[in-house]
2 protein chains.
Amino acid sequence: MKTGLESEGRTVKVAVDAMGGDNAPEEIVKGVELARDKYPDMSFQLFGPEERIKALLQNDDRITVVPANSVIAMEDEPVRAVRTKKDSSIVLAATAVKEHTADAFFSAGNTGAVLAAGLFIIGRVKGIDRPGLTTTLPVVTGDATGSFTMLDVGANADYKVTNIEQFAVLGNFYGQTVMGIKTPRVGLLNNGTESDKGDKAHREAYQRLSEMTNINFIGNVESRELLNGAADVVVTDGFTGNATLKAIEGTALSMMTLIRSKIMASTKAKMGYVLSRNAFHQVGQVMDYSKHGGAVLLGLKGAVIKTHGSSKAETVRNTMGQIHQIIASGLIQQTIDYFDTSADQTNVDNTEK
Amino acid sequence: MKTGLESEGRTVKVAVDAMGGDNAPEEIVKGVELARDKYPDMSFQLFGPEERIKALLQNDDRITVVPANSVIAMEDEPVRAVRTKKDSSIVLAATAVKEHTADAFFSAGNTGAVLAAGLFIIGRVKGIDRPGLTTTLPVVTGDATGSFTMLDVGANADYKVTNIEQFAVLGNFYGQTVMGIKTPRVGLLNNGTESDKGDKAHREAYQRLSEMTNINFIGNVESRELLNGAADVVVTDGFTGNATLKAIEGTALSMMTLIRSKIMASTKAKMGYVLSRNAFHQVGQVMDYSKHGGAVLLGLKGAVIKTHGSSKAETVRNTMGQIHQIIASGLIQQTIDYFDTSADQTNVDNTEK
């Protein structure tokens, strides 16, 4: 079940939910074709209504259309939809990964359904209690070239301290393989930098992370410092991580809106804007998290990647590059090897927080 | 113990920690004098080293200097410092409120020590389990004139669902009296807008808030929508509230830094900036939360207000305006009347989350 490409000289096979997201299937199909043209060692299975998808394809080189005759809608109740819509594009694409006919499952559709399909169909790595939804965000310093990865950003609202320990290991592997950082700085999202900060669960998480010898734990980090690059990998419970991620996204959007409205309110400022437009464009580029790919559900036996529902072709192509990196680096096999062994050796502590 | 001004024709008396914050005592004293000049019905007690403070005063009209011979430093362990430094400006100023020689305690110093002094010296309102740290942030829509209030933003890291119910009542009173909104829209910060979102504690909080008839509960709000004005009063646990507040602050600062650096990297953009500078200045003004005053520790028997450690004279003056509003509106007495009665009537549910 080794997935490292180098050793096998084979292609990265992606099972694509062609019907997920606001711009499906047109932008999804277009993005897959862009990725196919960019990555000669990738192939794609497009799950959706056969005739409709085929009609959109310019060229079916390394692209197979697999019939899927129902769609899980954005408003469907996720778990029930995954259990009942057996011929949906999400369920069939996830099943392809389970049956090893694909390496990765990609969707821009109903987040809850993608998580549920990953969890119930592809399944957790032995030894992992809960997978963690992992996202990459920009580091906004003067030159703004970096990024950091944060998990869990919302796969689990309820959690135990053990989950946070496992997120640290998963995030560390992700930092090493996908981000290419030899020794990622792993930080715990907390309410202050001192070791005694936070609620009972986070104080305990700090202690346990401090005792881990297989990660470079740098201590607590505050949400205020994330965009300054306080850590390469930020571990957090899914409730706090979700609130923090959405606060960052919302504030960035609000700031852009505010600046635009203040500039448009004055003729002089509008003239100034014409001159500084390129700088604004660059700011937009830095803050556009879709450049960094999709969110990865780490801790499963296969790669599951979810992009924003609003994704267009370019984002789909970028995310396929991220998937290429995940599969080529052997990340999934690495987590299987690590936790499978650990699960045999240690008693997992399931103390409730 | 009625504090409403109208009925008494007396002044609002503020006990000021003159030694708290990065710019103390100079900017604190200067800010107090600005507030004294602006509000003819306010008087101030400045707690600090007598000679040093007196030397800074331009005019001692309605300002008394009360000797305080030690200072709780930013790096002091808060609870221990409050217990041992009996002659510190923080402990003596809080004591003035306890002894009813002042209506409000103001500090820009060590946050933990201000919270500890409020809790241990001034004390909780009967029936309140935990006070909530309450902050006001801007609503960033097109014209950006509004604001919203959020609590708890960090007085408590550990919490029970009962605390969130009480924060809703406290926030509602604050919205009515200080923000001047007749029926504030009260929202619960959660990971989605649907009623079943969030962890166990937040699902339970949603149910309990739904059953309250004395507030206008509008359901869950996500951190992404806070700056869009999703609610007038946002209630949250102190851990999530703190992470969300710091994420908003950090992102706003990072965006301003990023825009500035992109503009300064190009001569053309710099020329444009000269023309649109006023628009940027306005954005800075909107995002400057110090305009909205300090953070209020609600649920105590007196008014406790903490401003940023970096506060300058102008912020001190603005915060005194906020204190004037808190005292003149009778907010503190209103919470005492409400909870004192409730405490006698109901069994407080102390179920651990």
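**Chain Contact and Strand Pairing**

Reader: How many salt bridges are counted between chain A and chain B?

Author: In this predicted model, six salt bridges are counted between chain A and chain B. Residues are numbered from 1 along each chain as its sequence is written, while chains are lettered from A and ligands numbered from 1 in the order in which they are written. Local features need pLDDT of at least 70, side-chain atom pairs count only at pLDDT 80 or more, and totals for chains, interfaces and linings use all residues; side-chain values use heavy atoms, with hydrogens and water left out.

Reader: Why is the link of A:Arg203 with B:Asp158 called a salt bridge?

Author: The closest N and O atoms of A:Arg203 and B:Asp158 are 3.4 Å apart. The term requires a side-chain nitrogen of Lys or Arg within 4 Å of a carboxyl oxygen of Asp or Glu, so the pair A:Arg203 and B:Asp158 qualifies.

Reader: Which elements give two or more residues to the side of chain A that touches chain B?

Author: They are helices H7 (200-211), H8 (238-264) and H9 (267-287) of chain A, helices being DSSP runs of H or I with at least four residues, and strands runs of E with at least two, numbered from the N terminus. H8(A) supplies the largest share, 21 residues.

Reader: How many residues does the contact take from each chain?

Author: With contact meaning heavy atoms within 4.5 Å, 57 residues come from chain A and 57 residues from chain B. The two chains bury about 4800 Å² between them, 65% of it on carbon and sulfur atoms; buried area is the accessible area (1.4 Å probe) that two parts lose on being put together, summed over both.

Reader: What makes strand E1 (residues 12-17) of chain A and strand E2 (residues 42-48) of chain A a pair?

Author: Two strands pair if DSSP finds at least two bridges between them. E1(A) and E2(A) share six bridges in the parallel sense, so the condition is met. Within E2(A), A:Met42 is the bridge partner of A:Val12. The chain passes from E1(A) through helix H1 (residues 26-38) of chain A to E2(A) in a right-handed β-α-β crossover, which means that, with the strands pointing away from the viewer, the path from the first strand over the helix to the second runs clockwise.

Reader: Why are both faces of strand E4 (residues 104-107) of chain B called covered?

Author: B:Ala104 and B:Phe106 on one side, and B:Phe105 and B:Ser107 on the other, are all buried, that is, under 20% relative accessible area (exposed is over 50%, partly exposed in between; 1.4 Å probe, protein chains only). E4(B) also pairs in the parallel sense with strand E11 (residues 303-306) of chain B over four bridges.
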